[in-house]
Structures are given as structure tokens and as C-alpha cells.
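Here is a short report on selected helix contacts, strand residues and loop residues. Please keep the sequence and the 3D view open while reading.

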Amino acid sequence: MTISQALNNAASGLTAASRRAGVASNNIANALTEGYSRRDVNLSERVTDGAGAGVSVSGISRATNSAVTYERRIADASFAFDSANADAMTRISNFLGGPDDPTSLFQKYANLESAMRALAETPNSTPLQQKVVATANDLASTFNRIASSYQQIRTEADKEIGLRVDEVNDALQKIEALNGSIGRGAAAGADVTALEDQRQQLINKVNEAIPVRELVREGGRIDLMTPEGVFLLSGTARTVEFSPAALVTAGQEYLGGAGSLSGISVDGKDITPGGPGSLPITNGAIAGLFNVRDNTVPEMSQALDALAFDLIGRFEDPAVDPTLNPGDPGLFTDNGAASDVLNLNGFAGRIELNAAVDPAQGGEVWRVRDGVQAVAPGPAGADAFVRALISAMTDSRPSHASLQSPGDLNASEGAAHLAALAGGARANATEQLTASSALAQSLYEAEKFETGVDTDRELQNLIIIEQSFAANTRVIQTVDEMIRRLMEI
């Protein structure tokens, strides 16, 4: 080996050590940066004319573990799905309230029954008659409020789907652009690891909304495909399509694409959960929001409608109120009409107090003592009708299947059952969310262990790099001394 070869070898060693020091320091600086993957310097022997000529930096690589990342993304998508469902069920349960909540639906039932019992003891009391009317009106209004709140959850879910779709389309466009930059940079031998970090962050965002599989292509480019087999990015970004509704009401449904609510598609290919397409998405935030809009809330809305239907039906029987003719509405009405089991959808939003007993609508409060369709006040001490109303509330009777009752229930038991139904669903959803959160966090930590920065390891590397730098510097110093000796001869 000549002196010049020794000098060149040492110089290449200094260059490699400097590059390694720079990468190690960058790793340490970004140890807490979310989405940063550890960098490693790839070294290779430099060969000239078949002989060793020092060392060269062949590239900078990101630490990756595709298997762990794929599992983590599946867990993230499951967590996003469960989060949407748990949030909806928590709100649904809160709207109904608990047994001790003075604003709960169950308590409104109890208030009405209590007012009726007080009136039965003193039927000639106008204030007690007014109390019955007020509590009945309050009960109907509570049904209306809860029904409206349920539809608001659906409206918000539908709007959130639209926002998520916009985010996915934006991320796909950016990933396509990064693919091009990474491909060109890799071809030129440039360090593209920072661009790859940016791309991974965008893929994670897409995956949270719609689960994806990452397919590596030539030149460092990637394509994205749903687990079901629909490409979101294949060379170029595909367009995810969805049309949010301005307002979702009880009568609006998706119905497998036949209803008024929008499904979701990719360049015309339907991927809607529960839709007519053969490759529907089944996980992720968007699938969770579709589940809230089309399944979770409608199911609980139907149960609420069934309870309102039960309440109206208890008071419109001529056996309870002899002043009624068959088909006449009783104390409560369906927007002024009698109940109709064929018109159950949205029932809770339409229930109201019969105008005949409501002074605010031109009615008379004495009719809660004498009968809804009574033409004139009866005896001041008559209590038969009031006690019939109480019996109608306390009698157990079969309920509509949508209420999911295991047997016959009285009015208050129906309200309690609905609250328990929502509470049970809330508990199950929360338990599922806790499990999916734990799995997602566990896999996140596993991925960080594989790809994150270990500062202790990096500090140890710096010591080795420092030693390498010092050794190569010593070689140069020795060569310099040798050259000086030669020059002195």
C-alpha cells in the first residue's frame, strides 16, 4: 500500500465517521419526534482496480418492520371503528339518563304517574289537573328532545364521513406526489428518508379512516390497497366519493344504496359497509361512522319509537277513556292523530299531548279528570277516569319487538328497560374500545421498539464513531510525519 493510498483510506474513514456522527446526532435530536424512524448509515468497502480503497457511504436507511407496522395499522383502524361506536352509545345512553337523573325519561314517567295519583285523591283540584297536563307535556317533549338528539348524532356522523373522505383524498394526492419525489431522489442517490417519514405519516392518516395495505413498488414507490382488494393508490391516487346530507332525519336511510343517504365509493366502485358492492370496507373510522349512522343509532331510535308507541297506545283505548270513539287519539297523539303501527319510524319525534287537554292549544285541563273528548265538565269529585289512566300506566302489556323486551312491561318498566338496553350497549362498546385501545397501544410500543430511537444506543454509537474518527485522524498524522521525513532527506 502506498502512502497516498493510506491517506485516501483515512480520508474516506473520516468522511464516513462524519456522516455517521451527523446521522446519530439527528437520531438523538428526533428521539421524541412522533413519526420519526431511526436512521442508519449503510457502509460498504470501496474497491479500486480490485484492491481495497477505503470505505464509502452507500446510503441512509430508515428502520422499518413491515410486519409489525401492518399489525399496528390494523389495530389503529379497529380502535377508530370502536371509538366511533363507543362515543355514539355513550351519548345515546346519556340522553336517556339514569334512574336518579331528574331529567331522565324514566323520571318523566314517574312524574306523570305521581301527578295522576295526586289528582285521583283530589280530582276537583284545578292545580293538580294542570300538574297532570304539565307533566304529560314534559314527557312528550322529552321524547321529542331525545329523538332529535339521536338524529343529530346521525347528522354529525354523516358530516364526519364527508370530512374524513376529504382528508383521505388530500392525503392520497400528497402520497402520490411524495412517491414521485422519493423515486427521483432514490435514482439520484439522495437521502429520501425524511420524505419516507412524511409518506408514512400520511399513510397512517389514510389507514385510520380506511384500512390499507402498503405494496412496495420499484424505485421506493408504494401503492395502497384496502384489505378487501380495492386500490386507493395505484401509480396515481384514486378518488374516494361521498355526498354528505345537510340534515339526517328519521325517515332518511341508506338501504343498501336505495335510500336517500349516500354510500362511499372509489372511482365508482362501491365500498360502503352494508352496501351492494362486493368489497365493502369493514374497519376504520369511516366504517365506524357508517355503523353509527345506519345501524347503532337507528336501532336505538326504533326502540325509542316503540316505547313512545306503547305510551300512546295505553291511553287511546275506549275501555280506558269512554269518551273516545274507535280510532280517536287519547291523552297523547302522533302529531295530532291516533297511533299507527305501520308508521312507527320517527314516532318519538312526533308524539305530543292531545290539544283537547292542553290550554296552550285551546284545550281544557278538566278533561284529564272527565275524558279527553268530554264535551262538558263532569262531577267535581269524579275519579274513575283518572284511576283508569293510572291503571293504563301500571298494567303490564306486550311491547313492540323493536323495544327488545323479554316479556310484558308496564309503562315505567318500559322506560327503565330502554335505559338498561342503552346502558348495556354502552358498556359493551366501552369494553370493546378499551380492549382495542390496549392492543393498539401495545403494537405502537412494539413498532417504536423496532423503529424508534434508543438514545443509549446512539450515545454508544457516538463513542465508537469518535474512536473511529480519532483512529483515522491518527493515520493521517502518521502519513504526514512520513511525508515530512521524506522531504527532509
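**Strand β10**

D334 touches I312, N343, F347 and R350, leaving out residues up to four places away in sequence. This is a predicted model. D334 sits in strand β10, residues 332–334. Its side chain and that of R350 are joined by a polar contact of 2.7 Å. Is D334 buried or exposed? The relative accessible area of D334 is 6%. The cut-off for buried is under 20%, so D334 counts as buried.

T333 is found in β10 as well. T333 is buried, with a relative accessible area of 2%. Setting aside neighbours within four places in sequence, T333 is in contact with I312, R350, I351, E352 and N354. I312 and R350 thus appear in the contact list of T333 and in that of D334.

**Strand β2**

S56 lies in strand β2, residues 51–62. S56 is partly exposed, at 23% relative accessible area. Apart from neighbours within four places in sequence, S56 is in contact with N42, L43, S44 and R46. How far apart are S56 and N9 in space? The C-alpha to C-alpha distance is 9.8 Å, while 47 residues separate S56 and N9 in sequence.

**Helix α2 with helix α5**

Helix α2 covers residues 66–96, and helix α5 covers residues 193–209. They pack at an angle of about 45°, and their axes are 8 Å apart. Angles outside the parallel, antiparallel and perpendicular ranges count as oblique, so α2 and α5 are oblique to each other. Their crossing is right-handed. On the α2 side, the contact uses R72, R73, D76, A77 and A80. On the α5 side, Q200, I203, N204, N207 and E208 take part. By class, this contact has 3 nonpolar, 3 polar and 4 charged residues. Residues three or four places apart in an α-helix point the same way, because there are 3.6 residues a turn.

**Helix α6 with helix α10**

Helix α6 (residues 285–315) and helix α10 (residues 411–451) cross at roughly 175°, and their axes come within 10 Å. That angle is over 145 degrees, so α6 is roughly antiparallel to α10. From α6, M300, A303, L304, L307, D310 and R314 make the contact. From α10, the partners are A411, G414, A415, L418, L421 and A422. By class, the contact of α6 with α10 has 9 nonpolar, 1 polar and 2 charged residues.

**Helix α9**

Which residues of α9 (residues 384–394) are buried? They are F385, V386, A388, L389, I390, A392 and M393. The cover over these buried residues includes α3 (105–121), α6, α8 (367–370) and α10.

**Loop residues with positive phi**

Most residues other than glycine have a negative phi. L255 is not a glycine, yet its phi is positive, at about 55°. D267 is not a glycine either, and its phi is positive at about 50°. L255 is in the loop between β7 (240–241) and β8 (265–266). D267 lies in the loop between β8 and β9 (269–270). L255 is exposed, whereas D267 is partly exposed.

| Residue | Phi | Relative accessible area |
|---|---|---|
| L255 | about 55° | L255: 53% |
| D267 | about 50° | D267: 46% |

Conventions: Residues numbered from 1 in each chain as written. Predicted model: local features only at pLDDT ≥ 70, side-chain atom pairs only at ≥ 80, totals over all residues. Heavy atoms only, no water. Axes fitted to C-alpha atoms, helices over the stretch in contact; angles between N-to-C directions. Helix = DSSP H or I, 4+ residues; strand = E, 2+ residues; numbered from the N terminus. Parallel < 35°, antiparallel > 145°, perpendicular 65-115°, else oblique. Left-handed = near helix turned anticlockwise from the far one by under 90°. Contact = heavy atoms within 4.5 Å. Nonpolar A, V, L, I, M, F, W, Y, C, P; charged D, E, K, R; others polar. Buried < 20%, exposed > 50% of the residue type's maximum accessible area, 1.4 Å probe, protein only. Polar contact = N/O pair within 3.5 Å; in protein donor to acceptor, adjacent residues only side chain to side chain.
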